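Colleague: I would like a close look at one part of this chain. Please take a single helix, show what surrounds it, and then place it in the rest of the molecule.

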Amino acid sequence: MTTASPAKGTALPWSGLLALSTAAFTAVLTELLPAGLLPRMAPALGVSEARVGFLVTGYAVASFLAAIPVTAALRGLPRRPVLIGTLLGFACADAMVALSSSYPVTFGARLLAGVMGGTMWAVLAGYAARMVPAERRGRAIAVVLAGITLALSLGIPAGTALADAIGWRPAFGALSGLALLVVVWIRRRVPAFPGELPGARVPLRRVAVLPGIPAVLSVTLFLLLGHQVMYTYVAPFTAHTGYGRTDVVLLTFGAATVVGIWATGALVDRWARPTLLGALTLIVTVMCVLALYADSPAVLLTSVAAWGVAFGGAPTLIQTALVNASGPQHADVATSLQTTVYNAGIAGGSFTGGLALSGWGAGALPWTALPLVATALTVVVLDRRRAFPRSAGTSTPKGRGELRDQPPRTRSQTTTPDHP
């Protein structure tokens with residue numbers, strides 16, 4: 001077996017990266033599609049719409065609980081079979097949902113899908129980082145994470161429309177078929193990478209305290225807390241402003257996230273720190289404007305568009321910082337930690353927003369989100385050396401992402417493509 005590192009200056013491996021992006025697209029559709037189909041699924045399963053909503057909750061909880069232990073258990077396995085296995089799990093789970101008339105069976109399928117989701121999110125960014133040279137790492141991650149944005153802005157509405165046209169069961173069947181097609185695509189276009197050898201496997205707790213990792217996880221947590229305070233309750237906030245068109249607000253946000261991730265892909269490899277500072281500053285500014293002037297429809301929609309642009313790019317910037325801090329060799333484990341923190345931020349933000357809405361009304365939501373996002377911004381401002389360095393580029397400085405007492409690696413142990 002021979003190994004070769006990605007050559008500097010080469011073109012991005014577009015086919016492989018788009019395959020990973022489509023895998024992300026499939027995972028998000030699987031997670032969120034039931035939310036748009038509650039009235040259709042409830043009668044067929046013989047339960048209330050609220051219990052159908054628990055199908056989304058069950059997925060999220062399973063993903064939260066599985067991300068770290070499953071990723072840790074699979075660290076030694078070759079990466080491509082792990083990724084293919086998660087997609088086959090998605091295909092099986094979606095097929096079960098399409099065929100089942102039993103709520104318990106459907107719920108079990110959703111738990112299986114959640115485990116697959118927690119595993120996939122821990123693998124994708126690290127996989128993209130290993131496919132390209134360090135100076136193109138950020139752009140590669142942006143391409144992969146674009147699948148999330150496209151699923152949210154286009155995939156969910158399209159999936160809901162498809163269910164309206166042909167029924168919700170065929171829609172889930174089509175989603176299962178998509179997962180199988182992505183398996184073939186990945187098998188043909190995505191390079192194989194080895195798992196971690198036992199002697200080089202670093203305990204999870206030591207990856208968690210690598211320089212820069214705690215800061216990145218903190219930014220992830222506080223950004224998601226603040227974001228979800230507002231996003232979860234965007235409908236009551238829109239009604240509070242007197243505008244009332246939640247559909248237009250969500251469409252504006254979704255379209256803006258596409259712009260944000262495109263712009264971030266162009267900037268992340270050279271100006272990662274200033275771009276992240278700009279994005280977080282913009283979200284803080286938006287929260288202030290929404291708190292004070294959202295009664296004007298023009299101000300409301302402009303602010304939501306700015307929020308979408310900023311938030312659309314933030315996951316790529318934070319994910320790139322995490323991979324740089326951990327090094328690609330520890331990226332799967334580091335990303336499993338981030339997946340858990342991400343889901344905790346979603347749950348915590350939704351809960352905090354609910355308390356604010358119940359206690360003080362919708363007008364308090366931006367004021368509640370503001371200090372949370374400002375905390376994330378403060379962490380980035382203060383950490384100028386490890387997690388969010390001032391130097392341009394995304395190459396990992398010497399000593400970062402490595403542990404000094406690791407055994408030396410031979411040529412056959414490098415994390416480079418192993419083409420069959």
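Modeller: The account below starts with helix α7, then moves to other helices and to the surface.

This is a predicted model. Helix α7 covers residues 168-189, and two of its residues, Trp185 and Ile186, are worth taking in turn.

Ile186 has a relative accessibility of 0% and therefore counts as buried, since the cut-off for that class is under 20%. What does Ile186 touch, once residues up to four places away in sequence are not counted? The list is Ala19, Leu20, Ala23, Arg80, Leu83, Ile84 and Leu87. One of these, Leu83, is 103 residues from Ile186 along the chain, yet the C-alpha atoms of the two are separated by 8.6 Å.

Trp185 is the next residue to consider. Its relative accessible area is 31%, so Trp185 is partly exposed, a class that lies between the 20% and 50% limits. Together with Trp14 and Leu18, Trp185 makes a nonpolar surface patch of about 290 Å². Helix α7 thus holds a buried residue, Ile186, and a partly exposed one, Trp185.

Now for the setting. The chain has 15 helices and zero strands. Of its 420 residues, 53% count as buried. Contacts between residues at least 6 apart in sequence are mostly of long range in sequence terms: 86% of them join residues at least 24 apart. The pair Ile186 and Leu83, 103 residues apart along the chain, can be read against that background.

Helices α9 and α14 can be looked at through one residue each. Gln228 is found in helix α9, which spans residues 213-231. Because its relative accessibility is 11%, Gln228 counts as buried. Leaving aside neighbours within four places in sequence, Gln228 is in contact with Gly345, Ile346, Gly349 and Ser350. Helix α14 runs over residues 331-360 and includes Tyr342. With a relative accessible area of 30%, Tyr342 is partly exposed. Beyond its neighbours within four places in sequence, Tyr342 is in contact with Thr220, Leu224 and Phe311. Tyr342 also lies 8.6 Å from Phe64, C-alpha to C-alpha, although 278 residues separate the two in sequence.

Helix α15, residues 365-382, contains Ala374. Ala374 counts as partly exposed because its relative accessibility is 25%. The C-alpha atoms of Ala374 and Ile283 are separated by 8.7 Å, with their positions 91 residues apart along the chain.

Arg385 lies in the segment after α15. At 65% relative accessibility, Arg385 is past the 50% limit and so counts as exposed. Which residues form the positive surface patch that includes Arg385? The members are Arg384, Arg385, Arg386 and Arg390.

The surface as a whole can be given in one figure: the chain exposes about 17,200 Å², and carbon and sulfur atoms supply 67% of that area. Two patches on that surface have been named here, the nonpolar one with Trp185 of the helix you asked about and the positive one with Arg385.

Note on methods
Residues are numbered from 1 along each chain as its sequence is written. This is a predicted model: local features need pLDDT of at least 70, side-chain atom pairs count only at pLDDT 80 or more; totals for chains, interfaces and linings use all residues. Side-chain values use heavy atoms; hydrogens and water are left out. Patches are made of residues with over 30% relative accessible area and no salt bridge: like charges are joined within 9 Å, nonpolar side chains (Val, Leu, Ile, Met, Phe, Trp, Tyr) within 5 Å. Accessible areas come from the Shrake-Rupley method with a 1.4 Å probe; for residues, only the protein chains shown count as cover. A salt bridge is a side-chain nitrogen of Lys or Arg within 4 Å of a carboxyl oxygen of Asp or Glu. Lys and Arg count as positive and Asp and Glu as negative; His and the chain ends are not counted. The place of a charge is taken as NZ of Lys, CZ of Arg, CG of Asp or CD of Glu. Helices (H or I, at least four residues) and strands (E, at least two) are DSSP runs, numbered from the N terminus. Buried means under 20% relative accessible area, exposed over 50%, partly exposed in between (1.4 Å probe, protein chains only). Contact means heavy atoms within 4.5 Å.
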